[in-house]
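Please open the model in your viewer and keep the selection panel at hand. The stops below are meant to be taken in order, each beginning with something to select.

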Amino acid sequence: MDDSLLTHGRALKHVQVREYVRSLVAGQAPGSPAPSERELVHRFGVARMTVRQALDTLVSEGLLERIPGRGTFVARPPRVTSTITGYSEEMARRGLLSESQTLLARREQAGPGVARALNLTEGDAVIHWRRLRRGDGQPICLEDAYLNEVLIPGFLQSGMPTSLYDELGERGLRPTWAEDSITADKATREEAELLELAPGAVVMRHSRRALAGEKAIEVSRSVYRADRFTMWIQLGG
């Protein structure tokens, strides 16, 4: 910002401060520190309340964020929120009839990777549910889901649900956000047999860590037939 604005008699003091800070942080990486209130009070010779008013405006605009005990920083982009869908909902959206065959459903001890993803201690109890998923009768996906048993007591005893996410929703634990990763790979012999593929055929591996609020509820590893499934990813709100 041009320093002439600092002495522009018609500009309100808090507007001067606000635009000065805006110009300083423009283009800065998220998490970069903004000028402190003390620094701005000294530079402009104004009351702390005036500086705070200027910063409050930039916070409300989403340009800055305050972290208690640390200060004010360039804001991180807001997390995009969208509905987290499971396999059954994905098939319905594509106009396909979803079918699932349970291959395994049991209580196990969490290995190091699953324990870390679910915020558990290695060896804690988890539910391992393995399913062969079909669409209009054709094998599409082999899925291994690991669930935090403590959060879903009696899950194995109540009969396996048609939709995992619907069941979690009834318990007040439907995932509200997830971390996904997607890679290309070759099918193992077992995967190829279950998915009715030639050994070594190309598959898509999809890993997910799903949370309900701050509670890690599910980690899953899915293998998709790349010739029968295209992953759709929504960008934007």
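A residue is called buried when its relative accessible area is under 20%, exposed when that area is over 50%, and partly exposed in between. Ile84, with a relative accessibility of 12%, is therefore counted as buried.

**Colour by confidence**

Before selecting anything else, colour the chain by pLDDT, bearing in mind that this is a predicted model. The mean pLDDT of the chain is 87, and 91% of its residues reach 70 or more. Residues 1-10 are a stretch to treat with care, since pLDDT stays under 50 over them, although the model does have 14 contacts for this stretch beyond four places in sequence.

**Ile84 and its surroundings**

Now select Ile84, which sits in the loop between strand 2 (71-74) and helix 4 (87-93). If you show its neighbours, leaving out residues up to four places away in sequence, you will find that Ile84 touches Glu89, Tyr165, Arg174, Pro175, Thr176, Trp177, Ala178 and Arg208. Add Leu211 to the selection and draw a C-alpha to C-alpha distance: Ile84 and Leu211 are 127 residues apart along the chain, yet these two atoms are separated by 9.9 Å.

**Asp166 in helix 6**

Move on to Asp166, which belongs to helix 6 (residues 164-170). Asp166 is partly exposed, with a relative accessible area of 42%. Beyond its neighbours within four places in sequence, Asp166 is in contact with Glu89 and Arg174, and both of these residues also appeared in the list for Ile84. A C-alpha distance from Asp166 to Thr85 comes to 9.9 Å, with their positions 81 residues apart in sequence.

**Helix 2 against helix 3**

Next, select helix 2 (residues 37-44) together with helix 3 (residues 48-60), whose axes come within 9 Å and cross at roughly 115 degrees. The crossing of helix 2 with helix 3 is right-handed. Which residues of helix 2 meet helix 3? Show side chains for Glu37, Arg38, Leu40 and Val41 on helix 2, and for Arg48, Val51, Arg52 and Leu55 on helix 3, and you have the residues that meet. The residues of this contact divide into four nonpolar, no polar and four charged.

**Asp136 between two strands**

Select Asp136, found in the loop between strand 4 and strand 5 (138-148). Is Asp136 buried, exposed or partly exposed? With a relative accessible area of 45%, Asp136 is partly exposed. Apart from neighbours within four places in sequence, the contacts of Asp136 are Gly95, Leu96, Leu97 and Glu99. Zoom in on Leu97, as the backbone nitrogen of this residue lies 2.8 Å from a polar atom of the Asp136 side chain. For a view across the model, add Leu12, which is 124 residues from Asp136 in sequence and 66 Å from it in space, C-alpha to C-alpha.

**His206 in strand 7**

Select His206, whose place is in strand 7 (residues 202-212). His206 is buried, with a relative accessible area of 8%. Which side chain forms a polar contact of 2.9 Å with that of His206? The partner is Asp180, and the two side chains are joined at that distance. To show the wider surroundings of His206, leaving aside neighbours within four places in sequence, display Asp180, Ser181, Ile182, Ser220, Arg221, Ser222, Tyr224 and Met231, with which His206 is in contact.

**Thr230 after strand 8**

From there, go to Thr230, in the segment after strand 8 (215-225). Thr230 is exposed, with a relative accessible area of 52%. Its C-alpha atom is separated from that of Met204 by 9.2 Å, while the two residues are 26 apart along the chain.

**Two residues with positive phi**

For the last stop, inspect backbone torsions, starting with Asn119 in the loop between helix 5 (112-117) and strand 4 (125-135). Phi of Asn119 is near 60 degrees, which is a positive value in a residue other than glycine, and Asn119 is exposed, with a relative accessible area of 53%. Then select Glu196, in the loop between helix 7 (189-194) and strand 7. Glu196, likewise a residue other than glycine, has a positive phi near 60 degrees, and at 53% relative accessibility Glu196 counts as exposed.

Terms used:
Residues numbered from 1 in each chain as written. Predicted model: local features only at pLDDT ≥ 70, side-chain atom pairs only at ≥ 80, totals over all residues. Heavy atoms only, no water. Axes fitted to C-alpha atoms, helices over the stretch in contact; angles between N-to-C directions. Helix = DSSP H or I, 4+ residues; strand = E, 2+ residues; numbered from the N terminus. Left-handed = near helix turned anticlockwise from the far one by under 90°. Contact = heavy atoms within 4.5 Å. Nonpolar A, V, L, I, M, F, W, Y, C, P; charged D, E, K, R; others polar. pLDDT = per-residue confidence, 0-100. Buried < 20%, exposed > 50% of the residue type's maximum accessible area, 1.4 Å probe, protein only. Polar contact = N/O pair within 3.5 Å; in protein donor to acceptor, adjacent residues only side chain to side chain.
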